[in-house]
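Hi,

Here is the structure I promised to pass on. Have a look at it first, and then read my notes underneath.

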Amino acid sequence: MKKGIHPENYRLVAFKDMSNEDIFITKSTVETKETIEVDGVEYPVFKMEISRTSHPFYTGKSKLIDTAGRIDKFNSKYAKKAK
């Protein structure tokens, strides 16, 4: 490895999946201001929307998320062109 190109400030960080509340701890250099206590030890916490424990590719379960009416928008946009 080349010297001087890798960060020096690795520390244990808790990553929290906000969709299913799963927490895993690994070394990281991510900046965060919040902390969380896991098994009596306090760690900096990084909150994620999706992780390996909730992503459909890894879980094998598909999840339909239509937060902004995407299907309706698509149908109304392309219905005009189909005529």
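Below is what I found, going from the whole chain down to single residues.

One thing to keep in mind while reading: this is a predicted model, so every value here is computed from its atoms.

**The overall picture**

The chain has two helices and four strands. Starting at the N terminus, the order is β-β-β-β-α-α. Of its 83 residues, 18% count as buried. The accessible surface adds up to about 7,300 Å², and carbon and sulfur atoms account for 54% of that. I also looked at contacts between residues at least 6 apart in sequence: 35% of them join residues at least 24 apart.

**How the strands pair**

Strand 1 (residues 11-17) is a good place to start, since it pairs with two other strands. With strand 2 (residues 23-28) it runs antiparallel, and six bridges join the two. If you want to find this pairing on screen, look for A14, whose bridge partner in strand 2 is I25, or for F15, which stands opposite F24.

Strand 1 also pairs with strand 4, this time in the parallel sense, over four bridges. Here K16 stands opposite K47 of strand 4.

Is strand 1 enclosed or open? It is largely enclosed by the rest of the structure, because five of its seven residues are buried.

Strand 4 (residues 41-48) pairs with strand 3 as well, in the antiparallel sense and over four bridges. V38 has V41 of strand 4 as its bridge partner. Strand 3 (residues 35-38) has two distinct faces: I36 and V38 are on the covered one, while T35 and E37 are on the uncovered one.

**Two hairpins, two positive phi values**

Both hairpins have a residue whose backbone you may want to inspect. The hairpin of strand 1 and strand 2 has five residues between the strands, and E21 in this hairpin takes a positive phi near 65 degrees. E21 is not a glycine, and its phi is positive all the same. It is found in the loop between the two strands. With a relative accessible area of 46%, E21 is partly exposed, because it falls between the 20% limit for buried and the 50% limit for exposed.

The hairpin of strand 3 and strand 4 has two residues between the strands, and there D39 has a positive phi near 55 degrees. D39 is likewise a residue other than glycine, and its place is in the loop joining strand 3 and strand 4. D39 has 76% relative accessibility, so it counts as exposed.

**K16, a buried lysine**

Which class does K16 fall into, buried or exposed? K16 is buried, because its relative accessible area is 16% and the cut-off for buried is under 20%. Its side chain makes a polar contact of 3.1 Å with the side chain of E21, the loop residue with the positive phi. Leaving out residues up to four places away in sequence, K16 touches E21, D22, I23, I36, V45, F46, K47 and M48.

**A nonpolar patch on the surface**

L12, I23 and I25 form a nonpolar patch on the surface, and together they have about 210 Å² of accessible area. I23 lies in strand 2 and is among the residues that K16 touches. Its relative accessibility is 32%, so I23 counts as partly exposed. I25 is the residue already mentioned as the bridge partner of A14.

**After strand 4**

The last spot I would point you to is I50, in the loop between strand 4 and helix 1 (56-59). I50 and D17 are 33 residues apart in sequence, yet their C-alpha atoms are 5.7 Å apart in space. What is the exposure class of I50? I50 counts as partly exposed, because its relative accessibility is 42%.

That's what I have for now. Happy to go through it at the screen with you.

Cheers

Notes
Residues numbered from 1 in each chain as written. Predicted model: local features only at pLDDT ≥ 70, side-chain atom pairs only at ≥ 80, totals over all residues. Heavy atoms only, no water. Patch = residues over 30% accessible without salt bridge, like charges linked within 9 Å, V, L, I, M, F, W, Y side chains within 5 Å. Areas by Shrake-Rupley, 256 points an atom, 1.4 Å probe, with all protein chains shown as cover. Salt bridge = Lys/Arg side-chain N within 4 Å of Asp/Glu carboxyl O. Buried < 20%, exposed > 50% of the residue type's maximum accessible area, 1.4 Å probe, protein only. Contact = heavy atoms within 4.5 Å. Polar contact = N/O pair within 3.5 Å; in protein donor to acceptor, adjacent residues only side chain to side chain. Pairing = 2+ DSSP bridges.
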